[in-house]
Amino acid sequence: MPIAAREVVVNSAQNSAGIQTLLDAEREAQKIVQKYRTKRVKDARSEAQKEIEEYRSQKEAEFKAFEKEHSSGNQKAEEDANKEAEAKVKEIKGIGSKTGSKVVDQLLAAVTDVNPKPLR
């Protein structure tokens with residue numbers, strides 16, 4: 001083989017080895033980039049999950065404050081209604097104790113005193 005042909009073969013082999021080295025380096029770089037992208041996606045997901053939990057906690061706290069604020073009004077109304085009902089019950093019991101015996105006497109008189117009347 002002539003010297004020029006040998007140099008071409010050697011240069012070709014060196015070029016092929018150089019190209020192979022570049023391809024290997026590119027594959028390694030792609031692996032590193034893919035690993036970094038995967039890590040970024042995982043980090044973004046965990047960050048988003050954390051933000052979601054914070055938002056949920058904030059909204060739950062707001063809801064509980066709203067619920068507490070508005071349910072206290074219901075408790076007040078319920079207490080007022082109970083007081084009013086108790087007052088009415090006392091009033092009815094008072095009337096019953098005053099006129100209860102009179103009513104019982106009238107009922108007994110109506111049941112025991114029979115006044116038959118002929119039908120027309």
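# Exercises on salt bridges along one helix

At 46% relative accessibility, Lys-50 counts as partly exposed, and this residue of the predicted model returns in the second exercise below.

**Exercise 1. Establish how many helices and strands the chain has, and how much of the chain counts as buried.**

Solution. Begin with the secondary structure: the chain contains one helix and zero strands. That helix, α1, covers residues 3-112. Turn next to the accessibility of the residues, where 0% of the 120 residues count as buried. Finally, take the surface of the chain as a whole, which amounts to about 11600 Å², with 58% of this area belonging to carbon and sulfur atoms.

**Exercise 2. Determine which residue pairs with Lys-50 in a salt bridge, and decide whether the partner is buried, partly exposed or exposed.**

Solution. First, find the partner: the side chain of Lys-50 meets that of Glu-47 in a salt bridge, with an N to O distance of 4.0 Å. Second, compare this distance with the criterion, which asks for a side-chain nitrogen of Lys or Arg within 4 Å of a carboxyl oxygen of Asp or Glu. Third, place both residues along the chain: Lys-50 and Glu-47 belong to helix α1 and are three residues apart, about one turn of the helix. Fourth, classify the partner, for which the limits are under 20% for buried and over 50% for exposed; Glu-47 has a relative accessibility of 38% and therefore counts as partly exposed.

**Exercise 3. Describe the salt bridge of Asp-43 by its partner, its distance and the spacing of the two residues in the helix.**

Solution. Start from the side chains: Asp-43 is joined to Lys-39 by a salt bridge whose N to O distance is 3.0 Å. Then consider the spacing, since both residues lie in helix α1 and are four residues apart, about one turn of the helix. Accessibility completes the description: Asp-43, at 38%, is partly exposed, and Lys-39, at 49%, is likewise partly exposed.

**Exercise 4. Work out what the side chain of Lys-59 contacts, and where this residue stands in the helix and in terms of accessibility.**

Solution. Locate the residue first: Lys-59 is in helix α1. Its side chain makes a polar contact with the side chain of Glu-62 at 3.2 Å, and the two residues also form a salt bridge, for which the closest N and O atoms are 3.2 Å apart. Along helix α1, Glu-62 and Lys-59 are three residues apart, about one turn. With relative accessibilities of 37% for Lys-59 and 38% for Glu-62, both residues are partly exposed.

The pairs treated in these exercises are among the five salt bridges that the structure holds.

**Exercise 5. State where UniProt places a coiled-coil region, and what conformation the model shows there.**

Solution. Read the annotation first: an unreviewed UniProt entry gives the feature "coiled-coil region" at residues 38-65. Then examine the model over residues 38-65, where the chain is 100% helix and 0% strand. The end C-alpha atoms of this segment are 41 Å apart.

Key
Residues are numbered from 1 along each chain as its sequence is written. This is a predicted model: local features need pLDDT of at least 70, side-chain atom pairs count only at pLDDT 80 or more; totals for chains, interfaces and linings use all residues. Side-chain values use heavy atoms; hydrogens and water are left out. Buried means under 20% relative accessible area, exposed over 50%, partly exposed in between (1.4 Å probe, protein chains only). UniProt positions are given in the numbering used here, feature names are shortened, and annotations may be inferred rather than shown by experiment. A polar contact is a pair of N or O atoms within 3.5 Å; within protein, one must be able to donate a hydrogen and the other to accept it, and residues adjacent in sequence count only if both atoms are side-chain atoms. Accessible areas come from the Shrake-Rupley method with a 1.4 Å probe; for residues, only the protein chains shown count as cover.
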